[in-house]
Number of protein chains: 2
Amino acid sequence: MKRSAGRAGDAHAIAERIHAAAIRLLRRLRKTDAASGLSGPKSSALSVLVFGGPQTLKDLAAAEQVRAPTMSRLVAELEGEGLATKTADKDDKRALRIAATAKGRALLEAGRDRRLDVLTRQVERLGGTERKVLRRAGEILARLNKEG
Amino acid sequence: MKRSAGRAGDAHAIAERIHAAAIRLLRRLRKTDAASGLSGPKSSALSVLVFGGPQTLKDLAAAEQVRAPTMSRLVAELEGEGLATKTADKDDKRALRIAATAKGRALLEAGRDRRLDVLTRQVERLGGTERKVLRRAGEILARLNKEG
DNA sequence: ATAGTTAGTTAGCAAAGCTAATAATATCGA
DNA sequence: TCGATATTATTAGCTTTGCTAACTAACTAT
């Protein structure tokens, strides 16, 4: 503990910086959405389906931290574009089994790559130390986000 | 999926993680907006006014990475709520001088604190090392966001 | 059997982003 | 100087994404 930057104010300042950085990062990346044909929320939901496997609308909504009606519409749009399928659950006929199609998987890859391209290239240009900082920060934030 | 990713895949994976973390973080924080009476975009714009001083609509829009009409509306709302003022520039009568009011400054503090409260407390609970990682990540991301 | 719960949808609203078009003012070049 | 071009901001109108409330269908438990 060499550097004594006030402990409490420190946490607040860090939260502010992370907050501001997240806002500006997403605004920046959103600009490429038009080209990909897959908006941020749809891309994100599809990503959950691809990497997390088929699941119910409720679970998908929870994973995306969004209400059921919002996810219901997103899924309907994904389905309309042939990127996801809805099938009734065998055991519980109320529930849906929502899955990504092959087309969805392919478009996801392309869209995400495009969306993340600028950021990826910026990260590539960083030195190993800074890159490591970002990787660890990503892990920490993911954990905090899960927490609640 | 590779486990020991090389340099290139590394950058991509880091970009993905940071991206996902930012999305989920903002969704999480947005939930407290209703209570504060100051939405994310308004809070952010007001913040620029408070910490960056009075400025034109064009500059404010640029700082927030948003188009002029969008910022025009946000400022009109802030003005309607008595949180900011618009005055014609002395030298250039086309331009506006947009400034935060005392009420705006006060509300900003309260709103931002509330919005960031959960995150601040999470950061407080982190160890010094992880806290340092987040602080440095915030700095790095701010730099990358500025870049482009 | 029926009362209550849970999963999903529909309808309707608000916020925040965009583009295109317009008004008012500045600036520049012939 | 004055007319053409730039710039600054606004208005109108559209889209996307979020929400709540109210509904149907299906499951669970008493």
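## Two chains and a DNA strand

Lys42(A), Glu77(A) and Glu81(A) are joined to one another in a network of salt bridges. That makes a good starting point for a tour of this predicted model. Side chains of opposite charge can pair when their charged atoms come close. Over all chains, the structure holds 16 salt bridges.

**Where the chains meet**

How many residues does each chain bring to the contact? Chain A gives 57 residues, and chain B gives 57 residues as well. The size of an interface is often given as the accessible area lost when the parts come together. For chain A and chain B, the buried area is about 5900 Å², and carbon and sulfur atoms give 61% of that area.

Charged pairs also cross this boundary: six salt bridges are found across the interface of chain B and chain A. Between the two chains there are also twelve residue pairs in polar contact. On chain B, the elements that give two or more residues to the side touching chain A are α1 (7-30), α3 (40-52), α6 (102-125) and α7 (128-147). Helix α1(B) provides the largest share, 20 residues. Sorted by type, the residues on this side of chain B are 25 nonpolar, eleven polar and 21 charged.

**A closer look at some salt bridges**

Here are four pairs to find in the structure.

| Pair | Closest N to O distance |
|---|---|
| Arg143(A) and Glu130(B) | 2.9 Å |
| Glu130(A) and Arg143(B) | 2.9 Å |
| Glu64(A) and Arg24(B) | 2.9 Å |
| Arg121(A) and Asp117(A) | 2.4 Å |

Why does the pair of Glu64(A) and Arg24(B) join two chains? Glu64(A) sits in the loop between α4 and α5 of chain A, while Arg24(B) belongs to helix α1 of chain B, so the bridge runs from one chain to the other. Both Glu64(A) and Arg24(B) are buried.

The pair of Glu130(A) and Arg143(B) joins two chains too, because Glu130(A) lies in helix α7 of chain A and Arg143(B) in helix α7 of chain B. Arg143(B) is partly exposed, with a relative accessible area of 38%.

Arg121(A) and Asp117(A) both belong to helix α6 of chain A, where they are four residues apart, about one turn of the helix. Arg121(A) has a relative accessible area of 46%, so it counts as partly exposed. Asp117(A), at 32%, is partly exposed.

**A buried leucine**

Is Leu144(B) buried or exposed? Leu144(B) is buried, with a relative accessible area of 1%. This residue is part of helix α7 of chain B. Beyond its sequence neighbours within four places, Leu144(B) is in contact with Arg28(A), Leu119(A), Gln122(A), Leu126(A) and Leu134(A).

**Meeting the DNA**

There are 25 residues around DNA strand C, and those that come nearest are Lys58(A), Ser72(A), Ser39(B), Arg73(B) and Lys93(B). Of the strand's atoms within 4 Å of the protein, sugar and phosphate account for 71%.

Individual side chains reach various parts of the strand. A polar side-chain atom of Lys86(A) is 3.0 Å from a phosphate oxygen of DNA strand C. For Arg94(A), a side-chain N or O atom lies 2.8 Å from a base oxygen of the strand. In chain B, a side-chain N or O atom of Arg94(B) lies 3.4 Å from a sugar or linking oxygen.

Which element gives the largest share of the surface near DNA strand C? That element is α5(B), with four residues. By type, the residues of this surface are nine nonpolar, four polar and twelve charged.

Terms used. Residues are numbered from 1 along each chain as its sequence is written. Chains are lettered from A and ligands numbered from 1 in the order in which they are written. This is a predicted model: local features need pLDDT of at least 70, side-chain atom pairs count only at pLDDT 80 or more; totals for chains, interfaces and linings use all residues. Side-chain values use heavy atoms; hydrogens and water are left out. Contact means heavy atoms within 4.5 Å. Buried area is the accessible area (1.4 Å probe) that two parts lose on being put together, summed over both. A salt bridge is a side-chain nitrogen of Lys or Arg within 4 Å of a carboxyl oxygen of Asp or Glu. A polar contact is a pair of N or O atoms within 3.5 Å; within protein, one must be able to donate a hydrogen and the other to accept it, and residues adjacent in sequence count only if both atoms are side-chain atoms. Ala, Val, Leu, Ile, Met, Phe, Trp, Tyr, Cys and Pro count as nonpolar, Asp, Glu, Lys and Arg as charged, and the others, Gly among them, as polar. A residue is near a molecule or strand if one of its heavy atoms lies within 4 Å of it. Buried means under 20% relative accessible area, exposed over 50%, partly exposed in between (1.4 Å probe, protein chains only).
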